[in-house]
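User: I would like to learn how to read a structural model feature by feature, beginning with the general idea and then turning to the case at hand. Could we go through it together?

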Amino acid sequence: MKLLKDRIVKDGKVRAGNVLKVDSFLNHQMDIELFGEIGKEFKRRFSDREVSKILTIEASGIGIACIAAQYFNVPVVFAKKTQTKNIAGDVYTGKVESFTHGRVYDIIVAKEFLKPEDKILIIDDFLANGSALLGLAKLVKDAGAALVGAGIVIEKGFQEGGEIVRLSGVRVESLAIIDSMNEDTGIVFRD
Ligand code: 5GP
């Protein structure tokens with residue numbers, strides 16, 4: 001998606017530890033016009049599939065998922081991150097290792113919001129090592145729902161997540177795939 005790639009080049013900041021900061025338009029301040037184009041592009045890419053619900057994870061995925069949901073006309077459910085050891089109640093749970101914070105979180109979604117008849121599209125901002133996506137996919141599986149695929153805004157193609165998740169059979173559509181990034185040489189995208 002050219003508009004997105006141009007924006008990443010213009011406003012993205014490569015930080016130590018293979019972190020790309022996109023706080024000025026995606027992760028902190030949010031460019032809603034750009035989000036609209038992102039939502040349309042997800043809809044175009046998954047136009048061949050029926051989607052009944054979008055699933056994302058707090059916090060950064062929520063804004064993107066909500067705008068995208070307007071093009072799919074479906075509700076959004078976000079998995080909550082919690083560090084509580086004992087999670088009780090009617091919830092599906094999984095574990096996610098945060099790439100940016102280096103911590104392991106439990107993630108939860110109330111069972112009432114994921115049903116076996118659901119056709120779930122997962123949406124998230126980044127795909128790095130794949131922990132978030134695999135954690136969300138597990139919730140979908142535990143619910144007995146169908147996983148239509150995953151829409152990712154920025155995939156860091158030099159990390160293993162994309163390959164692992166695709167090999168697990170999940171259709172992943174990433175709007176910008178970064179093959180390499182470096183403070184000096186800049187950002188190189190996959191075509
Ligand atoms: P994964 O679970 O695939 O390793 O990482 C995905 C999650 O980590 C995303 O939900 C995103 O919030 C965060 N993340 C991973 N890499 C980056 C990055 O380079 N920049 C930012 N801003 N977030 C990232």
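**Reading the model, feature by feature**

Analyst: A59 is found in the loop between β3 and α4, and the model in which we place A59 is a predicted one.

User: What is the form of the peptide bond from E58 to A59, cis or trans?

Analyst: The bond that leads from E58 into A59 is cis, with omega near 0°.

User: Which residue that is not a glycine has a positive phi of about 60°, and which has one of about 55°?

Analyst: N18 has the positive phi of about 60°, and N18 sits in the loop between β1 (13-15) and β2 (19-21). N73 has the value of about 55°, and its place is the loop between α4 and β4 (76-82). Their accessibility can be read alongside: N18, at 36%, counts as partly exposed, whereas N73, at 67%, counts as exposed.

User: How should I read a helix such as α3, and what span should its 14 residues have?

Analyst: The general idea is that an α-helix has 3.6 residues a turn, so residues three or four places apart point the same way. For helix α3 (residues 32-45), a rise of 1.5 Å a residue gives an expected span of 20 Å, and the end C-alpha atoms are indeed 20 Å apart, which agrees. At the start of α3, a side-chain oxygen of D31 comes to within 3.1 Å of the backbone nitrogen of E33.

User: Which residues of α3 are buried, and what do they pack against?

Analyst: L34, F35, G36, I38, G39, E41 and F42 are the buried residues of α3, and the elements they pack against include α1 (2-11), α2 (23-27) and α4 (60-72), along with the strands β7 (119-127), β8 (146-156) and β9 (172-182). K43, which also lies in helix α3, is partly exposed, with a relative accessible area of 30%. Not counting residues up to four places away in sequence, K43 touches Y71 and F72.

User: How do I read a strand, and why is β7 described as largely enclosed?

Analyst: In a regular strand the side chains alternate between the two faces of the sheet. In the case of β7, eight of its nine residues are buried, so the strand is largely enclosed by the rest of the structure. Strand β3 (residues 53-57) runs parallel to β7 and is joined to it by three bridges, while β7 and β8 pair in the parallel sense over eight bridges. Between β7 and β8 the chain passes through helix α5 (residues 131-143), and this β-α-β crossover is right-handed.

User: Is K53, in strand β3, buried or exposed?

Analyst: K53 is buried, since its relative accessible area is 12% and the cut-off for buried is under 20%. A polar atom of the K53 side chain lies 2.8 Å from the backbone oxygen of F113, and the bridge partner of K53 in β7 is I120. I120 in turn stands opposite L147 in β8.

User: Which residues touch the most other members of the largest nonpolar core?

Analyst: In soluble globular proteins, nonpolar side chains tend to be buried together. Here the largest nonpolar core has 34 residues, and L4, L20, L26, I38 and I54 touch the most other members. The largest share of this core, six residues, comes from α4. A second, separate core of 24 residues includes V109, L114, L136 and I152. Returning to L26, its contacts beyond four places in sequence include F35, I38, I64 and V153.

Key. Residues numbered from 1 in each chain as written. Predicted model: local features only at pLDDT ≥ 70, side-chain atom pairs only at ≥ 80, totals over all residues. Heavy atoms only, no water. Helix = DSSP H or I, 4+ residues; strand = E, 2+ residues; numbered from the N terminus. Expected span 1.5 Å × (residues − 1). Buried < 20%, exposed > 50% of the residue type's maximum accessible area, 1.4 Å probe, protein only. Contact = heavy atoms within 4.5 Å. Polar contact = N/O pair within 3.5 Å; in protein donor to acceptor, adjacent residues only side chain to side chain. Pairing = 2+ DSSP bridges. Right-handed = clockwise from strand over helix to strand, strands pointing away. Core = buried A, V, L, I, M, F, W, Y, C linked by side-chain atoms within 4.5 Å.
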